[in-house]
Amino acid sequence: MIKTSISAVALSFLMAMPAYASDPAPVSVEVLQGWELSDGRRVAAIKLSLEDGWKTYWRAPGDSGIPPLFSWKGARNIGQMQITWPQPKVIYDGGVRSIGYKEQLVIPLHIAPKRDGQPIRLKGRMDIGICSDICAPYTLKFDAKLEEAGTFPTPEIASALASAPFSASEAGVKSATCRLTPTDDGMQIEARVTVPSAGGREETVIEAGQDTIWVSEPVTTRKGDQLVAVSQMFHSSGTAFSVNRSDVRITILGSNHAIDIRGCSAG
């Protein structure tokens with residue numbers, strides 16, 4: 001099953017505004033054909049090219065961004081799909097942090113076909129937010145038949161895969177704990193990760209694993225091998241909520257690499 005989602009706040013923003021249009025368009029999309037793996041899966045990619053001065057957003061875009069939303073209506077012979085996001089950049093505009101990309105974004109896709117030996121049609125749309133002097137939602141449509149391919153990796157896709165965040169084990173994470181404390185209007189999460197530095201000034205992103213829960217920009221500190229990130233969580237409806245620690249996702253963004261941590265234990 002293919003499932004991609006968007007936050008309730010961003011969804012309401014997208015529905016309230018028309019798709020951005022200009023001539024020429026500030027962003028274009030194409031499908032990169034990729035290559036075949038020995039296990040029968042196909043590696044392909046969606047490539048976005050942005051005009052100078054424009055940016056788009058990562059899956060967790062920060063307080064001022066719009067998370068991307070995929071729809072695969074019309075796609076054929078796709079059983080399972082894994083989307084890999086390259087390491088994003090931390091962007092500050094007017095003191096407000098967003099997480100995203102400039103110039104170009106290649107999003108690798110690992111596709112397991114429903115029927116081996118049959119063609120794959122990669123058709124769909126991508127609703128994104130783009131920003132320059134103005135910010136607006138934008139809809140990109142794509143439709144491509146994945147032709148027969150060899151086993152040699154496509155350089156652009158291979159480069160995007162190489163820039164993806166390290167897993168917890170690859171980065172040498174020794175422990176990751178989360179302390180959850182109720183507040184008057186939500187919940188505070190304090191994540192403590194024991195891991196070597198990712199380089200330079202580290203930034204963190206915490207995701208609750210639920211689209212209806214908004215998580216504030218963390219306050220991040222480090223002492224030795226322990227990184228501490230503290231965020232506030234709020235439900236979009238203003239009601240009480242619970243958080244499953246196994247669904248919490250912590251991303252550490254450093255100058256050398258990024259780290260993707262799935263789940264945390266009680267702190």
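**Close-up views of a predicted model**

**View 1. Strand β17 and its partners.** Strands β13 (residues 187-194) and β17 (residues 226-235) run antiparallel and are joined by 8 bridges. This is a predicted model, in which local features need pLDDT of at least 70 and side-chain atom pairs count only at pLDDT 80 or more, while totals for chains, interfaces and linings use all residues. Residues are numbered from 1 along each chain as its sequence is written, and side-chain values use heavy atoms, with hydrogens and water left out. Strands are DSSP runs (E, at least two residues), numbered from the N terminus; two of them pair if DSSP finds at least two bridges between them. In the β13-β17 pairing, methionine 187 faces methionine 233 of β17. Strand β15 (residues 213-215) also pairs with β17, antiparallel, over 3 bridges. There, valine 215 stands opposite methionine 233. Methionine 233 of β17 thus appears in two pairings: opposite methionine 187 and opposite valine 215.

**View 2. The β16-β17 hairpin.** Strand β16 (residues 219-223) runs antiparallel to β17, and 5 bridges join them. Lysine 223 has glutamine 226 of β17 as its bridge partner. The hairpin leaves 2 residues between the strands. Glycine 224 in this hairpin takes a positive phi near 65°.

**View 3. Valine 219 in β16.** Valine 219 belongs to strand β16. Is valine 219 buried or exposed? Valine 219 is exposed, at a relative accessible area of 57%. The cut-offs are under 20% for buried and over 50% for exposed, with partly exposed in between (1.4 Å probe, protein chains only). Leaving out residues up to four places away in sequence, valine 219 touches Val228, Ala229 and Val230. Contact here means heavy atoms within 4.5 Å. Isoleucine 157 lies 62 residues from valine 219 along the chain, and the two C-alpha atoms are separated by 33 Å.

**View 4. An open sheet of 4 strands.** The strand order is β11-β19-β18-β14, and the pairing is mixed. β11 (166-167) and β14 (203-207) are the edge strands, each pairing on one side only. β14 and β18 pair antiparallel over 5 bridges. In that pairing, glutamate 203 stands opposite leucine 253 of β18.

**View 5. The β18-β19 hairpin.** Strands β18 (residues 249-253) and β19 (residues 258-262) pair in the antiparallel sense over 5 bridges. The hairpin that joins β18 to β19 does so through 4 residues. Arginine 249 is bridged to arginine 262 of β19. Threonine 251 has aspartate 260 of β19 as its bridge partner. In a regular strand, side chains alternate between the two faces of the sheet. Strand β18 is largely enclosed by the rest of the structure, because 4 of its 5 residues are buried.

**View 6. Two positive phi angles outside glycine.** Asparagine 77 is not a glycine, yet its phi is positive, about 60°. Asparagine 77 sits in the loop between β4 (69-71) and β5 (80-83). Asparagine 77 is buried, with a relative accessible area of 5%. Glutamate 103 also has a positive phi, near 70°. Glutamate 103 lies in the loop between β7 (96-102) and β8 (104-112). Glutamate 103 is exposed, at a relative accessible area of 58%.

**View 7. The second largest pocket.** Its volume is about 310 Å³. Among its 17 lining residues, Glu36, Arg42, Gly117, Gln118 and Ile120 are the closest to its centre. A pocket is an open set of points on a 1 Å grid over the protein atoms alone, where a 1.4 Å probe fits, with protein on both sides within 12 Å along at least five of seven lines; lining residues have an atom within 4 Å of a point. Grid points are joined across faces, edges and corners, and the volume is the space filled by probe spheres set on them. The lining divides into 5 nonpolar, 4 polar and 8 charged residues. Asp, Glu, Lys and Arg count as charged; Ala, Val, Leu, Ile, Met, Phe, Trp, Tyr, Cys and Pro as nonpolar; the others, Gly among them, as polar.

**View 8. Confidence.** The protein averages a pLDDT of 91, and 91% of the residues score at least 70. pLDDT is the predictor's confidence in each residue, from 0 to 100. Where does pLDDT stay under 50? It does so over residues 1-22, for which the model has 40 contacts beyond four places in sequence.
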